[in-house]
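Consider how a ligand is held by the protein shown here, beginning with the elements that surround it and ending with the pocket in which it may be placed.

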Amino acid sequence: MRTAIFPGSFDPFTIGHLDIVERGLQLFDRVVIGIGRNSMKGETFPLAFRVESLKDYFKSEERVAVDVYDGLTVDFARMHGAKFLLRGVRTVQDFEYEQAMAEANRQLDGIETVLLYARPEHAYISSSLVRELYSYNRDVSRLVPCRLP
Ligand code: ADP
């Protein structure tokens with residue numbers, strides 16, 4: 001069974017992330033959404049909210065799992081028996097960052113990274129944009145699949 005980890009902060013999970021999961025399911029038998037606990041980045045939406053809302057959203061899709069991790073993504077991948085990381089690319093900046101991470105993860109543990117291009121209509125969507133709009137009480141419901149608190 002081919003399992004891919006889709007790692008990220010998902011603070012919050014957007015329709016851009018959702019599209020990567022759905023397209024990932026065409027390539028892999030199973031996709032584990034790995035919510036990385038990142039002490040450096042801080043969080044806007046509580047971890048418990050992110051986990052529970054995503055579990056609820058994917059409850060009828062048995063090929064998608066949601067889990068939280070600390071530490072290295074490659075260790076989390078090994079724990080799930082996954083040899084692949086799934087990532088999305090929006091911009092040249094994303095690409096350069098992903099290139100460095102992919103090489104590090106491949107050298108560390110032989111984990112391969114599969115990159116999918118963001119759909120053009122999703123390329124402007126980021127968690128930080130959603131957080132910004134949300135902080136000014138703007139309606140972000142079109143940008144996120146799970147209703148925000
Ligand atoms: P990280 O903090 O690891 O970058 P994010 O939660 O911001 O985590 O993003 C997780 C993954 O989803 C990254 O590969 C990112 O490039 C990708 N991604 C983010 N937004 C979009 C989008 N709108 N369309 C496609 N992929 C996206």
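Helices (H or I, at least four residues) and strands (E, at least two) are DSSP runs, numbered from the N terminus. This is a predicted model in which local features need pLDDT of at least 70, side-chain atom pairs count only at pLDDT 80 or more, and totals for chains, interfaces and linings use all residues. Residues are numbered from 1 along each chain as its sequence is written, and side-chain values use heavy atoms, with hydrogens and water left out.

At least two residues of the shell around the ligand come from each of β1 (3-8), α1 (15-27), β4 (84-89) and α4 (92-109). There are 17 residues around the ligand, counted when one of their heavy atoms lies within 4 Å of it, and S9, K41, G88, H122 and I125 come nearest.

Polar contacts, here pairs of N or O atoms within 3.5 Å, involve the backbone: a polar backbone atom of G88 is 2.6 Å from a ligand oxygen, a backbone N or O atom of F10 lies 2.9 Å from an oxygen atom of the ligand, and one of I125 lies 2.8 Å from a ligand nitrogen. Of the 550 Å² of accessible area (Shrake-Rupley method, 1.4 Å probe) that the ligand has on its own, the protein covers 89%.

The ligand sits in the largest pocket (more than half of its atoms lie within 2 Å of the grid points), a pocket being an open set of points on a 1 Å grid over the protein atoms alone, where a 1.4 Å probe fits, with protein on both sides within 12 Å along at least five of seven lines. In the lining, whose residues have an atom within 4 Å of a point, α4 supplies the largest share, seven residues.

Technical notes
A polar contact is a pair of N or O atoms within 3.5 Å; within protein, one must be able to donate a hydrogen and the other to accept it, and residues adjacent in sequence count only if both atoms are side-chain atoms.
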